[in-house]
Amino acid sequence: MSGKVKARTSANAADAATQSLNERILKECHLLYIDPENGLVKIAESLGLTLLAPRKKITVLLIGNHSAGKSSFINWYVEEHVQRTGVAIETQGFTFVTSGRKRESLTGNATLHLYPHFEPLRQIEGVLDYLTTEIATSKQKKFSLVTFVDTPGLVDGDMKYPFDVNKSILWLGDLADLIFVFFDPIGQALCKRTLNLVEKLNEKHADRMRFYLSKADEAGHESDRQRVMMQIVQELCKRPGLNRTGFDMPTIYVPSMNQKGSRCANQIEEVCKDIEKTINQTVQNTLNALERDCNQISQIVEEKLREDSFQAKRNLKARLRGVCYSLLGMLLPLLLLATFLISTSHAALHSLLGEELMLTIDLYLGTISGVWQKVPAEYSNYVIGGFMLLALFMLAIAKFTSRTRPTLTRKQKRGLQDVSDYVQNVVKNKKQTLYGEYLRQSVADQDL
């Protein structure tokens, strides 16, 4: 007997160690995103990229017909009486059940403050007044890494909800990591509202959905239980989206201390394994997303630096073109003006400069001077004006072609390079360390 106790104790210790490690990994990854100084969310925002910080827990959405046992399952998993149960006291709204430091109940506004990613629920009229959070201190099973979302019991007929329950559940399904559908064998197991919601959720989240026949121990004999299951499966398979191979619906019920040995197979531990598997997958996905986001940030930084280098080269070429056109704009018109003045004042310049110098000038400017000598004197002012306009035109071209585009300052480039170095050398190294710790739980050191 003592050997069994020791084995159970060591197993619980190992499970707690695994749980605490996964919890720490998710928390550290979350902090890498939300750190006010060097958080990836803030870095990405400065680069025009939007990143969402990963959640520290998985979200399990429970749906089902009236009195399907959703609240009872949560109490069993948490091992505390968190949710009220019973036919007369049915869940009226949405209740988030999560672990924390002290037992506490939160209202709608406080709930959305605690879970900002659920803020859009506020837009659905009436939901806020029926939104609560129950914080429990339990550390049983994997509860510290799970947030349960208990939903209103679904019924047909004239039942009116104080808010759009279908729209709310479908929206929550988009954010949930797991969606548990509980079918009650003695209640309205074939509730059309439940089946319609299941069909719509299955269209987008088939991989997240799990179906269970709850309260299976109350379904009577094995033949009665099989008949109920067949009815549910047949009804589900009538829906095109749910008619798939490998459909599985385990039978579960909450064990009771006063319950005598039941012949009904209880697969409730399979639910726990599904939760644990999803937690492990979430840890892997979070670490993979961390590396992917780091690479995306580095890629954006490299593109910005490469674009800045290209613009710097383009600006240099533009400045050189501007200088060339500026010189042409000033020198060419001046040269043409000089030859015009020389040609029109040849005799005066000959006596002023001397014959030898004028021969040299005529040698270099003779052809152009000959052209200007043919221009009538009365048009000389127009020619000079034309030269001035040509100069202005060349200067305008110089200004147009020398336009530059803004580039990064040295401080900005150094800041971008620091960002790239940080995500590649600090964050990614941290991710490698966390991945190694995670794998070390199940893989031998020599395989790492």
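This is a guided tour of a predicted model, moving from its sheet to the helices that lie across the sheet, and then to its cysteines and salt bridges.

**The sheet as a whole**

Begin by selecting the strands and colouring them separately, which lets you follow an open sheet of seven strands in the order S3-S4-S2-S5-S1-S6-S7, with mixed pairing. At the edges stand strand S3 (104-106) and strand S7 (209-213), and because each has a single partner strand, one side of each is left without a neighbour in the sheet. If you look along the sheet, keep in mind that its neighbouring strands are turned by 20° against each other on average, with direction ignored.

**Strand S1 and its partners**

Next, select residues 58-64, which make up strand S1, and show their side chains. How many of the residues of S1 are buried? Seven of its seven residues are, so that the strand is mostly covered, given that buried here means under 20% relative accessible area. In a regular strand the side chains alternate between the two faces of the sheet. In S1, Ile58, Val60, Leu62 and Gly64 are on one side, while Thr59, Leu61 and Ile63 are on the other, and residues on both faces are buried.

Keep S1 displayed and add strand S5, residues 146-150, which runs parallel to S1 and is joined to it by five bridges. A useful pair to label here is threonine 59 with threonine 147, its bridge partner in S5. Now add strand S6, residues 178-183, which pairs with S1 in the parallel sense, again over five bridges. On this side, label leucine 61 together with isoleucine 179, its bridge partner in S6.

From S6, step outward to the edge strand S7: the two strands run parallel and are joined by five bridges. Phenylalanine 183 marks one place to look, since its bridge partner in S7 is leucine 213.

**Helices across the sheet**

With the strands still shown, select residues 70-78, which form helix H3. This helix lies across S1, strand S2 (94-99), strand S4 (131-136), S5 and S6, and it runs at about 160° to S5. Then select residues 165-175, helix H5, which lies across S1, S2, S5 and S6 and runs at about 150° to S1.

**Two cysteines**

Leave the sheet and select cysteine 29 and cysteine 294, showing their sulfur atoms. Why is there no bond between them? The sulfur of cysteine 294 is the closest cysteine sulfur to that of cysteine 29, yet the two are 9.9 Å apart, which is too far for a bond, when a disulfide requires sulfur atoms within 2.5 Å. Cysteine 294 is likewise in no disulfide, and a search of the whole structure finds zero of them. Both residues count as buried, cysteine 29 at 0% relative accessibility and cysteine 294 at 1%.

**Salt bridges around arginine 24**

The structure holds 15 salt bridges, and the next selection takes in several of the residues involved. Select Arg24, Glu28, Lys430 and Glu437, which are linked in a network of salt bridges. Within this group, the side chains of glutamate 28 and arginine 24 meet at 2.8 Å, N to O. The two residues are four apart in helix H1 (residues 2-34), and are therefore separated by about one helical turn. Glutamate 28 counts as buried at 19% relative accessibility, whereas arginine 24, at 33%, counts as partly exposed.

Arginine 24 also meets the side chain of glutamate 437 in a salt bridge, at 2.3 Å, N to O. Glutamate 437 lies in helix H12 (residues 410-439) and arginine 24 in helix H1, so this pair ties together parts that are 413 residues apart in sequence. Glutamate 437 is partly exposed, with a relative accessible area of 22%.

**A further link to helix H12**

For the last stop, stay on helix H12 and select lysine 431 together with glutamate 291, which form a salt bridge whose closest N and O atoms are 2.7 Å apart. Because glutamate 291 lies in helix H8 (residues 268-344) and lysine 431 in helix H12, the pair ties together parts that are 140 residues apart in sequence. Are these two residues buried or exposed, or partly exposed? Glutamate 291 counts as partly exposed at 25% relative accessibility, while lysine 431, at 5%, counts as buried.

Notes. Residues numbered from 1 in each chain as written. Predicted model: local features only at pLDDT ≥ 70, side-chain atom pairs only at ≥ 80, totals over all residues. Heavy atoms only, no water. Pairing = 2+ DSSP bridges. Axes fitted to C-alpha atoms, helices over the stretch in contact; angles between N-to-C directions. Contact = heavy atoms within 4.5 Å. Buried < 20%, exposed > 50% of the residue type's maximum accessible area, 1.4 Å probe, protein only. Salt bridge = Lys/Arg side-chain N within 4 Å of Asp/Glu carboxyl O.
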